[in-house]
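Work through the exercises below with the sequence and the model open beside you, trying each task before you read its solution.

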Amino acid sequence: MAEPELRSPLAVRAAALAISGGVGALLIRALLVLPKDEAGLAPLVKANLDASGVKNPVTAVLLNFRGYDTMLEIAVLVLATIGVLSLTIAHSDKWPTVAEHAAPALSALARFLAPAMVLVSGYLLWAGEHAPGGAFQAGSVLGAAGILLALSGYARPAGMTGFALRAAITVGFIVFLAAAIGDMLIEGALLEYPADHAKTIMLAIEAWLTVSIAVILASLFISSASPVEELRRRIRGGR
Amino acid sequence: MPLSEWVGAQLPALVILVPLTAAPVAFLGVRLGRPVALVSALMSQPLAIALALEVAREGVLRYEIGGWGAPLGIDFVVDGLAATMILVTSVIGLLITVYASGYFTDQDRYRFFWPLWLFLWASLHALFLSGDAFNLYVCLELVSMSAVALVALTARREALVAAMRYMLAAILGSLFYLLGVALLYAAFGSLDMATLRGAIRPDVTGQAAFALMTVGLLLKTALFPLHFWLPPAHANAPSPVSAALSALVVKGSFYILIRLWIDVGSPSVAPGTAHLLGVLGSVAIVWGSIQALRQERLKMLVAYSTVAQIGYLFLLFPLVRAGGVAAADAWTGGVFHAVSHALAKSAMFLAAGTVLARLGHDRIEGVGGLSRRAPLTAMAFGLAGVTMMGLPPSGGFVAKWQMISASVLSGEWWWAVVIVAGGLLAAGYVFRVIGRFLGREEAGDREADTGRSPRTMEWTALALALGALVLGVAGQPLLDLIPIGAPALVAGIGVTP
Amino acid sequence: MIPLSTLPAWTAFAAALVPLLTAAGCALPLTRGSAVRLAPLAAVPALAAAVAVPDGSIAVPWLASGIEVGLDGTGRAFLSLVAVVWTAAGLYAAGSPIVDRARFFGLFSLAMAGNLALCCTTDPVGFYIFFAMMALSTYGLVVHGGGEAKRRAGRVYIAFVVAGEALLISGLFVIGAAALGVGADSILGPISTALLLVAFGIKMGTVGLHGWLPIAHPVAPTPASAVLSGVMLKAGTLGLIRFLPGGQAETIPFGTIVIAFGLASAFYGAAVGVFQTVPKTVLAYSSVSQLGLITVAIGTGLAVPDLWPAAVTAATVYAVHHGLAKAALFLGTDLAARSTRRTPVLVALSLPALALAGLPLASGAVAKIVLKEATGSAPGAWSAALEALLPIAAVGTTLLMARFLYLVAMGPKADRKSVPGPLAVGAVALLLIGVGATLWIWPAGEVRYAAEKSLQAKYLWAAFWPIGSGIAIASAVWAARATTSRFAGVIPSADVYAPVFAWAHGRLEERERRVATPLPTPATPILAPERPAAAEPAPSEPSLLARAGLLESALLNWPTAISALCVLAVLLLLLAA
Amino acid sequence: MTQADLYTVAGGVLFTIGLYGLITRPHLLYKVLALNVASGGVFMVFVGVARRVPGPAPDPLPHAMVLTGIVVTVSSTAYALALAKRIFTETGMATLDSADTMEGGEDAAE
Amino acid sequence: MSWHTLALLVAACTPFLTAVAVFLLGEHRGTLRTATGLAGAAATAAAAVACAGSALISAPGEYAEVGFGLLEIGFVLRSDPLGVVFAVVAGCLWLVTTVYATGYMSRSSDRARFFGFFSICVGSAIGLALSANLLTFFVFYETLTLATYPLVVHSGTPAALKGGRTYLNYALPAGAALAVGVIWLHMIAGPVEFVAGGSLPSSLVQTHAGSLTAIFALLMLGLGVKAALFPLHGWLPAAMVAPAPVSALLHAVAVVKAGVFGIARVVLEVYGPLGRDLGLIPLLAAVAAFTIIFGSVRALAQDDFKKRLAYSTVSQLSYIVLGVAIGGPLAAAAAIAHLAHHAAMKITMFFTAGAVAEEVKVYRISELDGLGRRMPLTMGAFSLAAIGIVGVPPIAGFATKWLLGMGSIEAGQAWVVAVLGLSSVLNAAYFFPIIGRAWFRGPKSEWASEHGTKRVEGDLRMVAPLVLTALVGLAMGVLAGAALSPASWAQMVAFLEFGG
């Protein structure tokens, strides 16, 4: 089997350098003359921060002022997951094996680390209200825990291809959507949180998003993975 | 609050939410995909019509998401253009949905089609309604992501590689766009298009922002010479997907482009660019048509036809610069072209899909005499071809009428020459196929025919083609809708060229 | 004495159209038998109308492009002549062994209707309609029976007819337009006159335009030849009388030319005719010659506008005389050929033959006097010239007739099976009576005056000496027949036209042969199969499309594509700056 | 040159590097990575933009946008990698030349 | 809705509805389909006649109209006296042709497709006849272009496809030229209505002389292809691969007449006196005159029956163009009358060609010998029509020629008379040999040995229509002067065009 060339011929590289360099030069030239005194929307965010229900301005923007962006962003994530699943398990209906055997040292480590990661994740979720953090960060850590368990052979996701998986993937998005629609019914506009319950609603959304993001990230990894043993064999055997 | 009034007030949100809610539901329930999609499609229809009527009655609508209002929050902006695009998307979407429900024989294997398709639909609606430059980026990503996933759905190797090509191009295009958004925000401090319209200045940053966003969107719109990803992707996708891609998806990025150029940035930003785009559009018309002429596969031919037809859209840019009536004509003509092309092109791809379903291949050589066996499909292809050629009675003709008017009025008659030549070239490739359809069956053609063409497939293609024709004689309501809320530049009154 | 009734003007026209009924009858299977039997008598109503319907005309605006029908003196004379000759020919045909009778009598009736009706119309459109109807249906009569010779003759005939019709309609446009009060242009008037002269000249066989006459007459079935020569040629005369702007000063320049052509025809016809070897060809040339004399009369009327009425009378009278006599001669030719006892026929035929030469007591003498009355006032030297030349023309006529009678007498022995019946004999007899009697009972004053005059000694002598001289010369030629017979046939039957016709026939027949090469018929032919053309040039190009394809695959190449993107980005950034 | 400029210029450079890699590297994995580098560049520009506001606190809006952008990039990267993997499984190669996309023809309707 | 507008709607819409019904009924429900086709054609013919009645009793400027807005111009139908001439001709002959085609196509495949597109073609012809403005006209004009294609290539053979391609190669660029001309004209003059006597304001001559000339050239280029003006005529002989009913109704009446009718509309009712002021008309007249002669000369050289007829059509169409271009009321009347006259005669001839091809498989003139005895009605009808075209009275062609000749003198263009004369001679030269062969020669072709010379006409459904049209052609000539005859009607129209 012919491996593809990893690099292009010199002429191509030279030409690519020239033209991408051209783009870069012009780009940098524009970046260097950015207006210095443009305050942007920061003052506006600051002025409305209290009304948003959270103290962290970034979270306020993400979940309240521009919550719609975030809702669509989650849609992208769900969508990518569906796409990946359509390329992987849709045609075989079962997960690939990540690790055939539980590696003793690794699974011990995983057993130790995983609860800690769950804890960290919970903290990140909570901290997002007033400091950097939030659902994505929390979900990433949680998802990493899942991947670790899979790589160590401790947990096998083989059975989880059905409704439970799909529900876990979409639950965050669905909650978000439900909140958005609920707001429409109650307050009259999409994602217009009732002033008193804004924080609660956002926290609820974030919590469910954390679950979904974790499951999504883990399944994105696992669904395309090759068995660890095979990789190991290939590395030993060289190319 | 009575329901009807509530619905009236929430229309912009509802047209997005219906498919957006349907998408995860279709994903959750394995067998729910098809019924949910059909229900969603049928609901989108009245909503889109109501929205268009609302715009026709009330003028431009703004909807403040989260109650914040731009520029802090994100607004939906529904003007004539947006309402038109929503209307077209919902009509074509409905027919594609019906078609797809007959097209995928192995519903289980292609069960992910439905959520992906509903996401695509929702994201198109979101894109057309968005009034925020960054939100448009997210919408673009949603559109691209779902489109790519749909292209790769069959997991045939050609489809996979085409999807990869498409994916890389789409991400790159989005990055260029996003870079432009960053500069825009840095320079003018807002992401809301209406606010930006007031703040825009033709300084270095502003112009660089426009240039970068334009490049990204050109790549996503596949304007010559950036069309490299389009023919393989559109031709190797399942046919309902091809139809959606060619009819709607490329229009999405084009839509942002004209919003940016004509709505936000007046042509005082980078005047030379307008002519460059016009020239590239002209080349696309000729080049795409020539390539279509030499294709051996039906879907490839149709895909190259898209490359050509996209070129027409870009003649809009130089033509609106003339101002006055010419600009108004160019604006409505360009948009009308997008609309009628959407209808006709989806009809063509759906017809090609029926051919594929029957014959198991789409080699033009092998479709001899198909008009005997699948007359509705041949008819659909032919009628759609009328719009491609820009002949009356078809929406394509009305669009060309407006664009030629604009070019004559503005004194830049050479665009008219291109438009006319493009129509003739289109006739070349359309009749190449029709001639085969009407011609003799080669030995074995009949045997290869499985005869499988459900009525849902044949009639939906025909309905779309007929829709494109109806636009040609009864398109006036749409012609009246399109300019509502159009920028003063093209409103046609009181502006001197 | 005339009119005998107060019938409206259109009745004559309606009567003239009666043969259309028999024509239609011959076409329809059910009525075919009776129509064939009735066709010979179809002209009788018209004859009755000629006698009974008073002068006058009426517009029929709904018919064709609006026509006018009715009778005047001239029309009545021609209508009578036409009706009599057609009846005689019809009766003769009924008594002749003609093949395919339904078709023959159908076409015969159609031509008859045209010929009769054109006498009853007084406007250009009406005249043209029936003139064309007559001329075109006669084609069918000329070629009736089929065969190569007839086809060739028919071809010549139709070519002259078509050319004549085209010229005629062109001339008539001007007249029609003038009637509407438009285009009364000074230049168009003379052009129109010239066109009419040429168009009718073709019909009348004026020298130079006469090529079809000696070709078509001999091949046609005899009754058809009789009407052709007897009355159809006279349609040209009637046309000239009707549509030339007679009596107006503008015609003067045409006068002498027409007289000259008339005279030339008179002599040329005689001179060429005597060399012919077929009796009917001789008669055809005689017609050329005789109609030349009528042309002289017309020319005189043109040259001296005041004389126009007299010229018209002369032309009319002469036309009647010649029509009856010539028809009798044609029918007689056939009668003689079919008769087992030829002498009585020859004797009978010598009456019209000599009548043509101006024999006293017969129509010819009267006609010639009327003619002389008119030509006597010809302008300048023409008067004297005509005075001298007309008797010489009569000598020529006599010679021609002698030649004719000689050829008839020498003709091949008759076939017993086709002995003429009473109908045929009666038809000839009818015409002979006409030749003898018509001009004596002619009601018009001038004719009666001339008829009386013809019995004066001076005129008897003037009539006799050319005949006598002619007979003498003929006798001399006969006496020296050992020498002179070598000259028979040295001039071919179409004289100067012969090589032209031969060439044209050759070309056409050659083309026909080429075209008719049979080709295989394809399985589902819609069009005839293509003639095998030269092989298509083999496609030798890496075609433009293929080259476009190569370029496109370069564009689709990833590094190229992204580079193009970068270049575009650079361009846009630079354009923006 | 301020600190903000340093970020933005570095972002520009990263974007350029990504562009270069995208052109020159045939392997799909590299192409996806190149795009990741380029998006990193874009995010750097955002971060630089966020820093330019007067006062100690950066503008939260670009930060929020970067976060959204990251999620989007993660999504598309994940999908692109899955696609590349699948291409490799189907063709044994992971380049854009793995199949002739202009030919082919069957699709889901068989 | 008054009966005036109702008639207008029925006339324009019925063919399209018929087409839809025929397509839907499909290949296998033959009887019902035929009945539908006949009913549609009959309704259309009746409605067209009703439109004519409406035009007759309406005062000028108050003709019935129906339409809706489109592109600030409107999609408007109107029954004016000029338009109804063509509408009635197309509508009535469609009915006849439908009967004929039922016979002709009885053994053919793809009949639903055939009759469907046929109906669309007729509908387009009637629609463009009744169009009230240039936009509407153009819409129908192009519809006609497109709907004709499937009929030209109907048999699907390579030869048919080639013919179809040739057709498109001419028709589509022509459509493009027409489109540009129409749009450009609208830019200059606003919505262009058809108004008797011309709708362009004379002030335009001063301001836009150059543009108007260029537009006129574009319009003539566009219309000239269908009108088969030299050198744009090449498609017509090539299109003879189509089945006979198509050649008969479309390539002798509907399609080609659409071109000449358009020229008439443009010259008489758009440009009006401007055409003369700008010096455009004489050039058009010259081209038409040349085409008349050229077509005839080319016809002489054809042995293929239908191709000879096609070249004859090329020649005859230019009579109409010439009549329009002469620029006088009588000549214009001739042109308008010839729309109907030529239609009746030429359709007969194409019917004959088709009947002969179907019955005895004869496609060449050199194989026609003696056919008069075998198919006397058919060949009789043909002969009547042929001598009519030649201009022999009292058949319809003569009525045209007479008006045209006088009209040319009236307009001071007497040179046209020479063209007419020469053309008549040439017409005779290519038609008379056909008559001569059919009636005055003995049979020599294969059919004679197969069937003998026994009289066996073809299918009655084919013979009856062609006899009928031949008689109509005769009647049009014999009764040309009668009220409501095409010639009289045409004079009435011309009277309106030239304001008395």
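The exercises that follow concern a predicted model, and they go from one chain to its contacts with others and then to single helices.

**Exercise 1. Find how far chain B can be trusted, and state which stretch has a pLDDT below 50.**

Begin with the average, which for chain B is a pLDDT of 89, with 97% of the residues scoring at least 70. Then look for the exception: over residues 492-497 of chain B the pLDDT is below 50, although this stretch has 15 contacts in the model beyond near neighbours in sequence. Where pLDDT is low, the predicted coordinates should not be read in detail.

**Exercise 2. Decide how the radius of gyration of chain B compares with that of a compact globule.**

Start from the composition of the fold, in which chain B has 22 helices and 2 strands. Next take the extent of the C-alpha trace, which spans about 65 × 55 × 40 Å along its principal axes. For a compact globule with 497 residues, a radius of gyration near 23 Å would be expected, and the 21 Å of chain B agrees with this. Two further values complete the description of chain B: 76% of its 497 residues count as buried, and, of the contacts with a separation of 6 or more, 81% are between residues 24 or more positions apart.

**Exercise 3. Describe the sides that chain A and chain C each turn towards chain B, and name the helix that gives the largest share in each case.**

First identify the leading pair: among the 8 pairs of chains that touch, chains A and B have the most contacts. That contact takes 45 residues from chain A and 44 residues from chain B. On the side of chain A, two or more residues come from each of several helices, including H2 (42-52), H3 (57-65) and H8 (163-186), while the largest share, 15 residues, comes from H4(A). By class, this side of chain A has 30 nonpolar, 8 polar and 7 charged residues.

Now turn to chain C, whose contact with chain B takes 17 residues from chain C and 20 residues from chain B. The elements of chain C that give two or more residues are helix H23 (544-556) and helix H24 (558-576), and H24(C) supplies the largest share, 10 residues. This side of chain C divides into 15 nonpolar residues, 1 polar and 1 charged.

Finally, note pairs that do not touch: no contact joins chain A and chain E, whose closest C-alpha atoms lie 39 Å apart, and none joins chain D and chain E, for which the corresponding distance is 26 Å.

**Exercise 4. Check whether the span of helix H1 of chain A agrees or disagrees with its 23 residues.**

The helix covers residues 10-32 and, at 1.5 Å a residue, should span 33 Å; its end C-alpha atoms are 31 Å apart, so the two values agree. Among the buried residues of H1(A) are Ala16(A), Ile19(A), Val23(A) and Leu27(A). The domain assignment places domain 1 of chain A at 8-38 and domain 2 at 41-237, with 36 Å between their centres.

**Exercise 5. Classify Gly40(D) as buried, partly exposed or exposed.**

Locate the residue first, in helix H2 (residues 28-51) of chain D. Gly40(D) has 18 C-beta neighbours inside 10 Å, and because a buried residue needs 20 or more, Gly40(D) counts as partly exposed. As a last step, compare sequence with space: Gly40(D) and Ser98(D) are 58 residues apart in sequence and 28 Å apart from C-alpha to C-alpha.

Methods. Residues are numbered from 1 along each chain as its sequence is written. Chains are lettered from A and ligands numbered from 1 in the order in which they are written. This is a predicted model: local features need pLDDT of at least 70, side-chain atom pairs count only at pLDDT 80 or more; totals for chains, interfaces and linings use all residues. Two residues are in contact if their C-beta atoms, placed from the backbone, lie within 7 Å. Helices (H or I, at least four residues) and strands (E, at least two) are DSSP runs, numbered from the N terminus. Ala, Val, Leu, Ile, Met, Phe, Trp, Tyr, Cys and Pro count as nonpolar, Asp, Glu, Lys and Arg as charged, and the others, Gly among them, as polar. pLDDT is the predictor's confidence in each residue, from 0 to 100. The expected span of a helix is 1.5 Å times one less than its number of residues. A residue is buried if 20 or more other C-beta atoms lie within 10 Å of its own, exposed if 12 or fewer, and partly exposed in between; C-beta atoms are placed from the backbone. The radius of gyration is taken over C-alpha atoms; the globule rule is 2.2 Å times the number of residues to the power 0.38. Domain bounds come from an automatic or database domain assignment.
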